[in-house]
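Me: I have a new structure open and would like to learn how to read it. Can you take me through it one feature at a time?

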Amino acid sequence: FIRKYQEERELSTLFICDIWSNMQFWIWEKTKLDTLLEAFYILGFSSLKNNDKIWAYFFDSNVEFNIHTKKWQSNVWLIIDKILYYTKTNNPSSSDINIVLKELYNKKIKNNLLFIFSDEYENLDEKYFKALAIKNDIVFINIFDDFENNLDNTWIYNLIWKNSSVYIDIKDDKKKKEYIDKRNEKKLLFKKKILNLGWSYLEITNSTNIYQTLYKFFKLRQTIR
């Protein structure tokens with residue numbers, strides 16, 4: 001379905017993957033990196049089927065690794081190997097998406113379909129976002145664990161964020177609601193910012209039917225265009 005989205009445009013496909021420690025968070029079955037990998041399988045092999053050029057960046061608080069543009073399937077498997085590697089590695093406890101965006105801005109990249117996978121929903125430098133959106137199609141895919149969004153779990157009683165003073169008693173309905181409302185507000189503001197900058201936005205979680213969600217997303221985008 002990527003080919004239908006790109007139509008006749010000559011676009012390379014760039015995957016930008018956030019691999020900081022919080023992407024290894026999970027409550028049920030799979031981490032956020034596992035969700036990222038599942039989405040990449042679909043998008044990566046769709047690009048491969050079209051014989052598109054594929055490349056990738058991996059970042060946390062720095063640009064950790066980049067894979068240069070290539071048409072053949074070796075790049076897809078290399079990206080998969082790197083994602084699997086980071087699922088088993090003690091990754092840094094901070095992340096800054098602006099680091100990789102600044103590098104791409106300085107390289108003046110153009111004619112790329114960018115997929116950004118991250119659980120970031122606050123820290124953005126609009127300068128790089130606006131500049132990259134002018135000459136590239138960009139899809140920001142926010143990846144969350146359902147528990148982060150709704151705190152819905154019967155056997156967890158309290159929650160303490162790493163490197164933070166934030167503490168939540170899951171049984172305190174008032175505090176729980178305050179957390180959920182504030183998080184939803186921040187996510188909505190982030191989505192609006194992404195859309196206002198000329199990007200596309202999609203949210204997926206560990207419970208999302210990713211193939212169905214991506215199919216509907218690109219079908220809608222094709223209709224709009």
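Reply: Let's start with a residue inside helix α3. Lys 82 is found there. Leaving aside its neighbours within four places in sequence, Lys 82 is in contact with Phe 58, Phe 65 and Ile 67. Keep in mind that this is a predicted model.

Me: Which side chain of opposite charge is nearest to Lys 82?

Reply: That is Glu 64, 8.4 Å away. Lys 82 is buried yet has no salt bridge. A salt bridge here needs the nitrogen and the oxygen within 4 Å.

Me: How many salt bridges does the count come to?

Reply: The count comes to 10 salt bridges. Take Lys 32 and Glu 148 as one of them: their closest N and O atoms are 2.8 Å apart. This pair links distant parts of the chain. Lys 32 sits in helix α2 (residues 32-49) and Glu 148 in helix α6 (residues 146-150), 116 residues apart.

Me: Are Lys 32 and Glu 148 buried or exposed?

Reply: Lys 32 is buried, and Glu 148 is buried too.

Me: How do I read a salt bridge inside one helix?

Reply: Start with the general idea. An α-helix has 3.6 residues a turn, so residues three or four places apart point the same way. Now look at helix α4 (residues 97-107). Lys 107 and Glu 103 both lie in it, four residues apart, about one turn of the helix. Their side chains meet in a salt bridge, 3.6 Å from N to O.

Me: How do Lys 107 and Glu 103 count for exposure?

Reply: Lys 107 has 45% relative accessibility, so it counts as partly exposed. Glu 103 has 25%, so Glu 103 also counts as partly exposed.

Me: Where can I practise on another helix pair?

Reply: Go to Glu 126 and Lys 130. Their side chains meet in a salt bridge at 4.0 Å, N to O. They are separated by about one helical turn because they are four residues apart in helix α5 (residues 126-135). Glu 126 is partly exposed, at 33% relative accessibility. Lys 130 is partly exposed as well, at 47%.

Me: Which residues do shared salt-bridge partners join into one network?

Reply: Lys 32, Asp 119, Glu 148 and Arg 183 are joined that way.

Me: Arg 183 is in α7, I think. How do I check the length of a helix?

Reply: Compare the expected span with the distance between the ends. Helix α7 (residues 173-196) has 24 residues, so at 1.5 Å a residue it should span 34 Å. Its end C-alpha atoms are 34 Å apart, which agrees.

Me: Which residues of α7 are buried?

Reply: Lys 176, Tyr 179, Ile 180, Arg 183, Lys 187, Phe 190 and Ile 194 are buried. After α7 comes Gly 198, with a positive phi near 95°.

Me: What should I make of a positive phi in other residues?

Reply: First the general idea. Most residues other than glycine have a negative phi. Now look at the loop between α4 and β4, where Lys 108 is found. Lys 108 is not a glycine, yet its phi is positive, about 55°. At 71% relative accessibility, Lys 108 counts as exposed. Asn 111 is also placed in the loop between α4 and β4. Its phi is positive too, near 55°. Asn 111 counts as partly exposed, at 41% relative accessibility.

Me: Which residues have the most contacts inside the largest nonpolar core?

Reply: They are Phe 15, Phe 58, Ile 79, Phe 115, Phe 117 and Ile 141, in a core of 35 residues. Several elements each supply at least two residues of this core, including β1 (12-18), β2 (54-59), α3 (73-87) and α8 (210-224). The largest share, eight residues, comes from α2. Another core, of 26 residues, lies apart from it. Ile 109, Ile 116, Leu 132 and Trp 199 are among its members.

Me: How do I step back to the whole chain?

Reply: Begin with the elements: the protein chain has eight helices and eight strands. Then burial: buried residues make up 49% of the 225 residues. Next, contacts. Among those between residues at least 6 apart in sequence, 72% join residues at least 24 apart. Last, surface: the chain exposes about 12,000 Å², and carbon and sulfur atoms supply 50% of it.

Technical notes. Residues are numbered from 1 along each chain as its sequence is written. This is a predicted model: local features need pLDDT of at least 70, side-chain atom pairs count only at pLDDT 80 or more; totals for chains, interfaces and linings use all residues. Side-chain values use heavy atoms; hydrogens and water are left out. Buried means under 20% relative accessible area, exposed over 50%, partly exposed in between (1.4 Å probe, protein chains only). The expected span of a helix is 1.5 Å times one less than its number of residues. A nonpolar core is a set of buried Ala, Val, Leu, Ile, Met, Phe, Trp, Tyr and Cys residues joined through side-chain atoms within 4.5 Å. Contact means heavy atoms within 4.5 Å. Accessible areas come from the Shrake-Rupley method with a 1.4 Å probe; for residues, only the protein chains shown count as cover. Lys and Arg count as positive and Asp and Glu as negative; His and the chain ends are not counted.
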